[in-house]
Amino acid sequence: MKEYLKKHYPLILSFWTPVLLMLGYFIYRGFYPFGSSSVLTVDLGQQYVDFFAYFRHTLLHSPSELLYSFSKALGGPMIGEAAYYLLSPFNLLFVFFPGKYLTAGCLLILLLKYGCAGYTFGRLLKNELKLNGWMIPALATSYALMGWMIANQLNMLWLDAPIFLPLIISALYRLLQKKRSLAYVLWLAAMMIINYYMAYMICLFLVLFFAWYQTAYFAGLKKFWSQLYLFISRSLLAVGVSALVLVPTYYSLVASKGQYTEKNFQLHFEYAPLKMLSKFVIGAFNFEQMPEGFPNLFVGSLALIGALLYFISLKTDWRSKLAAFLVSAFLWLSLCFEPLDLLWHGMQFPVWYPYRFSFVVSFWMIFLAALALKENQFCLKNHQSLICLGIFTAGLSYVYFNSKSFDYVSEQVLLFTALFNVLLLLVLTVKKTPLNQRLTPLVIFFLVCFEMLVNTAYSLNNISYLTQAEFAGPTKVIAQDQKKLAQLDTGFYRTAQFYGRTKDDGLAHDLKTGSYFSSALEKSIPDFYGQLGQPDGDNYVGYYNGTLISDSLLDMKYLLQAKDKAELDLGASDKVDLNVTSYRPDTKLYSLRAQTDQTRIYQNPYAIGLGYSADKKLKQLKVLYNQPLTYQTNWLNAATGSANTTKYFYAANFNEVVFQNTKKQINLTGAFFKKTDLAKPAQIIFKFTPETDDPYYLTLGTSLDGDSATWYLGSKEYPYYKTFRHTIVLNPTVSGSDDEVVITAKFKKNSLWLENFVLYRMDRSLVEQKLNQLQKSSWQLTKATAHRLTGTIDITKSNQLFATTIPYNKGWQAKVDGKAVKTYKIQDTFVGFDIGQGKHQVTLTFTPPGLYLGIILTLVSLVLVFIIRLRENKA
C-alpha cells in the first residue's frame, strides 16, 4: 500500500484535492444534505434539475420517452434535449436520488466532476508532459477549480467538457507520436455524444492545438502530411462513431436552435479588450456576470506565472513560442471580437453565460504553464520574476484605477490577488537548496489550494441559491397531484397547471402540462403560443391563460389549481407557499374531481382528445398574432366548418373607470396615458358587473407586461405570467351574481399604453355546442405510448381531414386501417392528414428523423475502428 501511494499520490491528490476543497465550501454554505440551502440557482434550479428528474423517471419507467415526450410543451422529440442536457454518464447516479433528494444528487455529481477534471488533467501532466511530484496536483487543482468551472457550476451539463478535454489531448499525443488511434477516436466520440455543443468547441480547439503541435515538434513534411491525415481521418471517424446521436440531433436542431442562427454580424470588438484583465482577479464573478459579463479566465497565480514563463524563458524553442503566441492571439481575439465569438458558439449569440468556450483558453494557459515550469525545473530567475511582477503590477493597477467598471472588484480581492502573486513568485524564485528543493513543490501546492479556495468563496458567495424547502415543498405537492391524477384516469391526456415551481414541472413529474423551458424548443411551438394568447419566448412557453376553447381543443382534460391562501394555514409545517401562475375562475365550469390539502383537480368535460375530424377549411387557417381570441374563434370555426362570421366573444363595457393622477379618456383600447404629477403614483381603476354566467376574458398587449404596470384584481395583485411578447388572455371572472369586479392598473413608469386592452364575454352555450360537435368525431385512443398512438375514429361527414394537436415532425408516420398515408402540417404547427368517411383505425408512430442513418454510420465506423486497431497492433 505504501509503495502504491508513493507511486500514485500525485493522481490521487489531483482527484481528491478539488473534491475536498469544494466539499468544505459546500458544508460551509449549508448546502443540502449539510444544511437548509441547496446548490440550485438560476438554470440549475429553474430547468436542469427538472431534466434530471425526467431522466430518472425515463430510465426507470419509460425508456421510449428518450425519443419523444408529450411533456415537452405539446409534445416533441427528445433526442436533441438528451444530447444537450442528459447524456453525461454522471447523470446515471440520479437513479439513486428520487424526489426531494435530487439536490443531494446534484451536489454529489458536482463534487465528482470537480475531482474528475483534476484527475484527467493530472494524467495528462504525468503521462504526456512527464511531470511528477506535488506539481501535478498543484496544476490539476488550478485546472479543476479555474474560474470557468466555478462560474459554471450551475451549468452542470457543461462540466464534462473540461473532464474530457485532457483525455482527448492525451490521446492526440499518442495518435501523433505512436500512431495509436483507439483512445483518440473513442474519447472524442464520447464527448460528442455527451454534449455536442461543448464538443464543437473542443473540436475547434483541437485544430489550433494540432497547428501548435506541428510547429513545436516539426520533423519534416513527410511526417507532417502523415500526421495531418491521421488527425483528420480519426477525427472524422469519431464523428462517425457518434453519429447515432449526432445525426438525429442535427435534424432536431434544424427545427429548433438552428432557426436562430445569426447570418448578420459586425466586425467590431464587443468591449475594450483590456477589461479581460479584471477576470484574473480573485472573486471576479457575480450574478450580473451571467447575462452579459466578461470571459471567466481565473486560473490562479501559478498558472499565470507559468504561462508568462513559457514566452520569456530562453529554454523554450522559438518556433514553439511563435506558434503558441499565434494560438494565444487567436484565442484572445475570440474572447472580444464578435465574428470569432460567434464562431465558437455555433454562429448563435449565447442567451446568458457569454464566452462559454473560455474553458479551452484556461486549459491552454495551464498547459503552457506546465510545459514552462517543467522545462525551467520549477525555478524562476530574478529577471523572469521581475518581468512577471511588472506585468502583474500593471494589470492590477489597470483594474484598480478602473474598478468602478467592475462591480465584482474590491480593494480586498485586489489585495488577495497581489498577495498570492507575490508569494508564488517568491517561492519560485528563492534559491534552491537540498531542503527547499523538496519543500518548494509542497509549499506551492498548499498556496494553490488556498488561492483557489479563496476565489471559490468570493465568487460563489455573490450568488443566491434556492433553499431545500423551496425545492422540496412544491415538488411534494406536484407529486401528490400527479398521483391523484393517475388514480383518477389511466388514459392519455394533457393537464393544465395553474401553479408550479418551474415551466418544466410537467417534464419532471410525468405530466403533460403544455409548459416547457429548453434551449432546443422547436420554433413553431412558441410561434403557436404567441397566437393563442399564452406567454412565449425563443426557448420557453407557458400554458397559463387558457379559455374554454383552447383548453378543449388542446385536450387539457384536467386542470390543477392551487387553493386560495385564505383557505390554508400557511403557518403549518406541511404547507407550501405555492407560486400561482394564473387566476382561472372559469374552472368553476368544470367538474371538481379531487383535491389535496393545497390543490384542486378539475375535469374539463369538453376536452376533444389529441385528434379529431375537422373540416378541410382548417388547412387554410392563417397565422394571426396579437388577436388571440380572434385566432381561437377562427380555429373553432374552421374545425367545425362553421361560417366565418360566427362569433364566440363579444366586447363588454366597463361600468365605471376611475382615473387617478392621469387624464380621463373615453376610448380605452389603445389609449396612451401620462402621469399628471410625476412625483405621485398613478393608477386606473376599471369596474364592471357580469351580466350573465358566461366567462369573461381580458386581453393585454405587450406594453402591459410586468415592467409597465402592476395589475390588481380587487385588493390582491393579479397572478399572471408577467413576461410576454404577444397579446395574452386573462380570465378575471365567471359569475352570474351581482358582485362587482374591480381591476386596477398601477403605473410603474411615467406613462402607460393600454395596448390591445379589451374586455370580452364568451358565448358559453355556443362554444359548448361546437365542442360537443367535435367530440362526437374525436380519436378514441386504445393504446398509447410516448412514440406510438393507436385509436379509432368515426368520420361522419365528407370533406374532412384528420386533425391533431401533436406538433408536426417528419418523424411522425400515419396509418389508416393499416395503410400508410401522407402527413402534412396544419395551423403551421400540427400533424394532419386526409381521411375518408366511415370508421377507421388510426395509428401514429414516431421515429426520430435520422435515427436509422445514425445507427448505420455508427456501426460502420465501429467496424472501421476495430479494423484499424487490428492493423495498428500488427504494426
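For the residue classes used here, Ala, Val, Leu, Ile, Met, Phe, Trp, Tyr, Cys and Pro count as nonpolar, Asp, Glu, Lys and Arg count as charged, and the others, with Gly among them, count as polar. With those classes in hand, the lining of the largest cavity of this predicted model can be described as 9 nonpolar, 4 polar and 1 charged residues.

That cavity belongs to a set, for the structure holds 5 cavities of 30 Å³ or more, and the largest encloses about 80 Å³ of space. It is lined by 14 residues, of which Asn-152, Gln-289, Asn-296, Tyr-353 and Pro-354 are the closest to its centre. Two elements, α6 (147-151) and α12 (289-292), give two or more residues to this lining.

The second largest cavity has a volume of about 70 Å³, and its lining is made up of Gly-147, Ile-150, Ala-151, Lys-279, Ala-284, Phe-285, Asn-296, Leu-297, Phe-298, Asn-455 and Ser-459. By class these residues divide into 6 nonpolar, 4 polar and 1 charged. At least two residues of the lining come from each of α6 and α19 (434-460), and α6 gives the most, with 3 residues. Helix α6 therefore appears in the description of both spaces, being named among the elements that line the largest cavity and again among those that line the second largest. Asn-296 also recurs, since it is one of the residues closest to the centre of the largest cavity and is part of the lining of the second largest.

From the cavities the reader can turn to the aromatic side chains, which form 81 aromatic pairs in the structure. In one of these, the ring centres of Tyr-143 and Phe-363 are 6.0 Å apart and the planes stand at 75°, so the pair is edge-to-face, given that planes over 60 degrees apart are counted in that class. The two partners come from distant parts of the chain, with Tyr-143 in helix α5 (residues 135-144) and Phe-363 in helix α16 (residues 358-375), 220 residues apart. Tyr-143 and Phe-363 are both buried.

The helix that carries Tyr-143 deserves a look of its own, for α5 is mostly covered, with 10 of its 10 residues buried. Those buried residues are Met-135, Ile-136, Pro-137, Ala-138, Leu-139, Ala-140, Thr-141, Ser-142, Tyr-143 and Ala-144.

A second aromatic pair, that of Trp-158 and Tyr-353, is likewise edge-to-face, with 6.0 Å from centre to centre and 85° between the planes. This pair too links distant parts of the chain, as Trp-158 lies in the loop between α6 and α7 (160-178) and Tyr-353 in the loop between α15 (338-344) and α16, 195 residues apart. Both Trp-158 and Tyr-353 are buried, and the two also belong to one aromatic cluster, which is formed by Tyr-48, Phe-51, Tyr-84, Tyr-85, Trp-158, Tyr-196, Tyr-197, Phe-287, Trp-352, Tyr-353 and Tyr-516. Tyr-353 leads back to the cavities, because it is one of the residues closest to the centre of the largest cavity, where a lining residue is one that has an atom within 4 Å of a cavity point.

Aromatic rings also meet charged groups in this model. The charged end of Lys-503 sits over the ring of Tyr-540, at 4.9 Å from its centre, while that of Lys-512 sits over the ring of Phe-492, at 4.7 Å from its centre.

As for the cysteines, the structure holds 0 disulfides. Two cysteines can be set side by side by their accessibility: Cys-203, at 25% relative accessibility, counts as partly exposed, whereas Cys-336, at 0%, counts as buried.

The backbone, finally, has some features to check in the model. A cis peptide bond with omega of about 15° joins Tyr-32 and Pro-33, and Pro-33 is found in the loop between α1 (2-29) and α2 (42-61). Phe-378, a residue other than glycine, has a positive phi near 55°; its place is the loop between α16 and α17 (382-401). With a relative accessible area of 18%, Phe-378 is buried, because the class takes in values under 20%. Gln-827 also has a positive phi, of about 55°, although it is not a glycine, and it lies in the loop between β27 (823-826) and β28 (830-834). Its relative accessible area is 4%, so Gln-827 counts as buried as well.

Definitions and conventions
Residues numbered from 1 in each chain as written. Heavy atoms only, no water. 1 Å grid on protein atoms, 1.4 Å probe; cavity = no way out; pocket = protein on both sides within 12 Å on 5 of 7 lines; lining within 4 Å. Points joined across faces, edges and corners; volume = space filled by probe spheres on them. Helix = DSSP H or I, 4+ residues; strand = E, 2+ residues; numbered from the N terminus. Phe/Tyr/Trp six-rings, centres within 6.5 Å; stacked < 30°, edge-to-face > 60°. Buried < 20%, exposed > 50% of the residue type's maximum accessible area, 1.4 Å probe, protein only. Lys NZ or Arg CZ within 6 Å of the ring centre and 35° of its normal. Disulfide = S-S within 2.5 Å.
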